[in-house]
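Biologist: Please take one part of this model and go through it closely, residue by residue where that helps. I would like a single connected account.

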Amino acid sequence: EFIVEVIVQQEAQDAENTNVLTNMRLLRILRVAKITRAFRIVRLVRFIRSLRTLLLCIGRTLRAMAWSAVLLFLIIFLFGLIFTDISTELPGAEAMRKFFDHVLQSYSHPSEWYQSFMVLLPKTCAPLLPKELRPICLTSHLSKTFARLVMNRIMAEVQPRLPHQCCAKHRQSTDYIWTMQRVMQISHEWGTPICAIKLDLEKAFDRLDRIGLASLIVSKLGTSHPTEVKNLLAMLREGGACIPTIWGEGHTDMNSGVRQGGVESATLFAWVISVVIEELDARAPPGGWATACPLEEQAYMDDLLLWDGQLARLQTRLGILQSILDKYGLRINPSKSSLLCSGNVGGTHLSLLGHRIEALKPSEAPWEVMGLPVFPGVKESEVVAALIAKARNKFYAAQDVLCSRAPIQQRMRLLDRIIWPAMSWCIGAIFPTQSAIVLINDFHVHCVGLMAKFHRMPDDLFIVSVRGLSEDRASLYMLVGGSGGVPDFFGASGPMLDIALELSTRPCLRLLDFLLVSENIHGGSRNSCPR
C-alpha cells in the first residue's frame with residue numbers, strides 16, 4: 001500500500017507540473033498575441049493616416065484639375081469667339097488684300113521693304129578680308145509675301161525650258177552630278193577624247209547688272225504680264241542694308257545685283273543663266289558644237305560645266321560665253337575654274353580672260369564637281385569614299401553626343417538626321433555596285449559599333465557587350481538595320497540584321513562567333529555583301 005501511495009503521489013505531482021507548464025505556455029502565447037495585436041493596431045493607424053493623406057492629396061489635385069479645366073474651357077470659349085469673328089468678318093485679311101492690290105496697281109512700293117538687316121557670317125576660322133565673310137540679309141516679311149504673289153503669276157514663264165539648268169522645279173543637284181558622271185563614263189567606254197571645264201562666276205549675285213536684267217524681263221514678259229513686269233522693275237530699285245558691328249551700326253547701299261534676301265532673286269538668277277546657255281546654243285554652228293552628244297553644257301545656279309571633244313572648240317565656246325555674260329554684268333572667275341583633259345584633245349591648257357588654265361591630271365589631283373571626283377574611268381566606290389570621308393568628319397565632330405550615355409534609340413535617330421544625309425545627299429547619282437554598297441555598309445556598321453561601345457579584349461579579339469542592345473527585337477532592328485542606311489535606299493534588309501538577331505540573346509560574343517554566324521546565315525564569304 002505504501003508503494004502504491006507513493007506512485008499515486010508522484011503521478012499527481014507530475015500532472016500538476018504539466019499543468020503549470022501548459023499554463024505558462026498559454027500565458028506566453030497570450031502575451032505574444034497582445035504584443036502582435038498592438039503592432040497591428042499601430043500599423044493600421046499609420047495606414048489609415050497615410051490613406052487619409054493620400055485621399056486629401058487626390059482631392060486637392062482633382063480640385064486643381066477642375067479649376068484648370070474651367071480656365072481652359074474659358075480660354076477656348078474666348079478664342080472661339082475671337083476667331084469666329086475674324087473668320088466671319090476678316091478685317092485684317094481684307095485690309096492686307098486691299099493694301100497688296102494698291103501696291104500691285106500703283107507700282108509704289110514702300111521704301112522700308114528694301115532696307116535690309118545684314119549679318120556677316122565667316123567663311124574661314126579667322127577671317128581677315130571682306131571676301132572671307134558671307135553676308136546674309138534679313139528683309140521685310142511683307143515684301144517677301146508680295147514678291148511671292150507676283151512670282152507665282154509668272155513662274156511658268158521664268159522656269160528654265162531646257163534641261164541645262166538643274167536648279168529649277170523638279171530638278172536637283174543629283175541631276176547635275178549624274179550628267180557629268182554619265183558623260184565621263186561614256187567617254188571612257190567608247191575611248192573618245194573629252195575636255196571639260198568647270199566655271200565659277202565671280203560674285204554672281206552681286207555683279208548681275210540690273211539694267212540687263214530689266215531689259216530681259218521686259219523683252220520676255222512685257223507683253224504677256226505688264227502689271228507683274230512693272231512690279232518686278234520696282235523691286236529692282238535701289239536699296240540699303242544695316243550692318244551691326246561691335247563699334248556700332250553701319251549702312252551700305254546695294255545698287256547692283258539681285259536683291260539680297262528676296263524670294264525672287266534665286267529664280268530670276270537661274271532664269272538668266274538658262275537664257276545665257278540658250279544664247280550660247282543659238283550661236284553654235286549647224287549640227288551643234290559636238291556631234292556625239294546633244295547636251296554640252298550644264299549649270300547649277302552659278303556653277304557651269306562645259307565639255308567638248310576638242311580643246312580649240314571649247315576655247316571658242318568660252319569666248320562666246322564670256323561675251324554673252326558681259327551683257328548681264330557677269331564675269332568668269334579664272335582662279336576657281338578647273339580644266340580636265342582626257343585623250344588627244346589638241347592641248348593641255350586654255351586661256352581665259354588673260355589667265356592660263358592648266359589641265360588637271362586624274363592621277364595627281366582628281367577633277368571634282370561639288371566635292372566629288374569626276375573623270376573618265378572613275379569608280380563608284382571612289383565617289384562613295386569621298387562622301388564617306390565627309391560623313392566621317394561630321395561623325396567625329398559630333399562623337400561626344402553620338403557616343404554618350406543617352407539611350408541608343410535616340411542616338412540612332414540623331415545619326416539618321418545628321419550623318420546619313422551628309423553621305424546620301426547625291427546617292428541617286430551613283431550606280432549601286434557591290435563595292436559601293438559594301439563601303440556604305442562598312443561605314444554604317446563602324447558608326448554603330450562606336451556608338452554601341454564595341455571594345456577590344458587583351459587577347460586581341462573583339463568582344464561586344466549586348467546587354468544594352470538586346471532589350472527587344474524592335475530596338476535592335478532600328479540599331480542595325482533601320483537607322484537610315486542602305487536598307488532605305490536599295491530596298492534590302494540590313495547587312496548585319498540577321499546576325500544581330502541571332503546573337504541578341506547571348507550575353508557576349510567574340511569575333512570568331514560573329515563571322516561564323518555571318519557565314520552560316522548568308523552562305524558565302526565573310527567579307528561578301530549579303531545581297
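Modeller: A residue counts as buried under 20% relative accessible area, as exposed over 50%, and as partly exposed in between. Ile-136, with a relative accessible area of 35%, is therefore partly exposed. The model is a predicted one. Ile-136 belongs to strand E2, residues 133-138. Outside its neighbours within four places in sequence, Ile-136 is in contact with Phe-117, Met-118, Val-119 and Leu-121. Phe-117 is 19 residues from Ile-136 in sequence, and their C-alpha atoms are 8.2 Å apart.

The part to look at closely is helix H6 with its partners, but the whole chain comes before that. The protein chain has 531 residues, of which 36% count as buried. It holds 18 helices and 15 strands. Of the contacts between residues at least 6 apart in sequence, 67% join residues at least 24 apart.

Now to H6 itself. At 1.5 Å a residue, its twelve residues should span 16 Å, and the end C-alpha atoms are 16 Å apart, so the two values agree. The buried residues of H6 are Arg-210, Gly-212, Leu-213, Ala-214, Leu-216, Ile-217 and Leu-221. They pack against H3, H7, H8 and strand E5 (248-254).

Take H7 next. The axes of H6 (residues 210-221) and H7 (residues 226-235) come within 10 Å and cross at roughly 175°. Angles over 145 degrees count as roughly antiparallel, and H6 and H7 are therefore roughly antiparallel to each other. On the H6 side the contact is made by Ala-214, Ile-217, Val-218 and Leu-221, and on the H7 side by Pro-226, Val-229, Leu-232 and Leu-233. By class, these are eight nonpolar residues, with no polar and no charged ones. In an α-helix there are 3.6 residues a turn, so residues three or four places apart point the same way. Ala-214, Ile-217 and Leu-221 of this contact are among the buried residues of H6.

H8 meets H6 at another angle. The axes of H6 and H8 come within 12 Å and cross at roughly 75°, which makes H6 and H8 roughly perpendicular to each other. Leu-213, Leu-216, Ile-217, Lys-220 and Leu-221 of H6 meet Leu-268, Trp-271, Val-272 and Val-275 of H8. The residues of this contact divide into eight nonpolar, no polar and one charged. Ile-217 and Leu-221 touch H8, and these two residues also meet H7.

H8 in turn packs with H3. Helix H3 (residues 141-158) and helix H8 (residues 265-282) have their axes 11 Å apart, at an angle of about 20°. At that angle, H3 is roughly parallel to H8. The crossing is left-handed. From H3, the contact uses Met-151, Met-155, Glu-157 and Val-158; from H8, it uses Thr-267, Leu-268 and Trp-271. Five of the contact residues are nonpolar, one is polar and one is charged. Leu-268 and Trp-271 of H8 thus meet H3, and both are also in contact with H6.

Helix H4 (residues 173-190) can be set beside H6. H4 has 18 residues and reaches 26 Å from its first C-alpha to its last, close to the 26 Å expected at 1.5 Å a residue. Buried residues of H4 include Tyr-176, Ile-177, Thr-179, Met-180 and Val-183. Tyr-176 and Thr-179 are also among the contacts of Gln-298, as are Pro-163, His-164, Cys-166 and Asp-175. Gln-298 lies in strand E6, residues 297-300. Its relative accessibility is 2%, so Gln-298 counts as buried.

Some backbone angles remain. Most residues other than glycine have a negative phi. Just after H4, Gly-191 takes a positive phi of about 70°. Tyr-107 is not a glycine, yet its phi is positive, at about 60°. Tyr-107 sits in the loop between helix H2 (91-106) and strand E1 (115-122), and at 30% relative accessibility it counts as partly exposed. Leu-353 likewise has a positive phi, near 55°. Leu-353 lies in the loop between strand E9 (349-352) and strand E10 (355-360), and its 35% relative accessibility makes it partly exposed.

Technical notes. Residues numbered from 1 in each chain as written. Predicted model: local features only at pLDDT ≥ 70, side-chain atom pairs only at ≥ 80, totals over all residues. Heavy atoms only, no water. Axes fitted to C-alpha atoms, helices over the stretch in contact; angles between N-to-C directions. Helix = DSSP H or I, 4+ residues; strand = E, 2+ residues; numbered from the N terminus. Parallel < 35°, antiparallel > 145°, perpendicular 65-115°, else oblique. Left-handed = near helix turned anticlockwise from the far one by under 90°. Contact = heavy atoms within 4.5 Å. Nonpolar A, V, L, I, M, F, W, Y, C, P; charged D, E, K, R; others polar. Expected span 1.5 Å × (residues − 1). Buried < 20%, exposed > 50% of the residue type's maximum accessible area, 1.4 Å probe, protein only.
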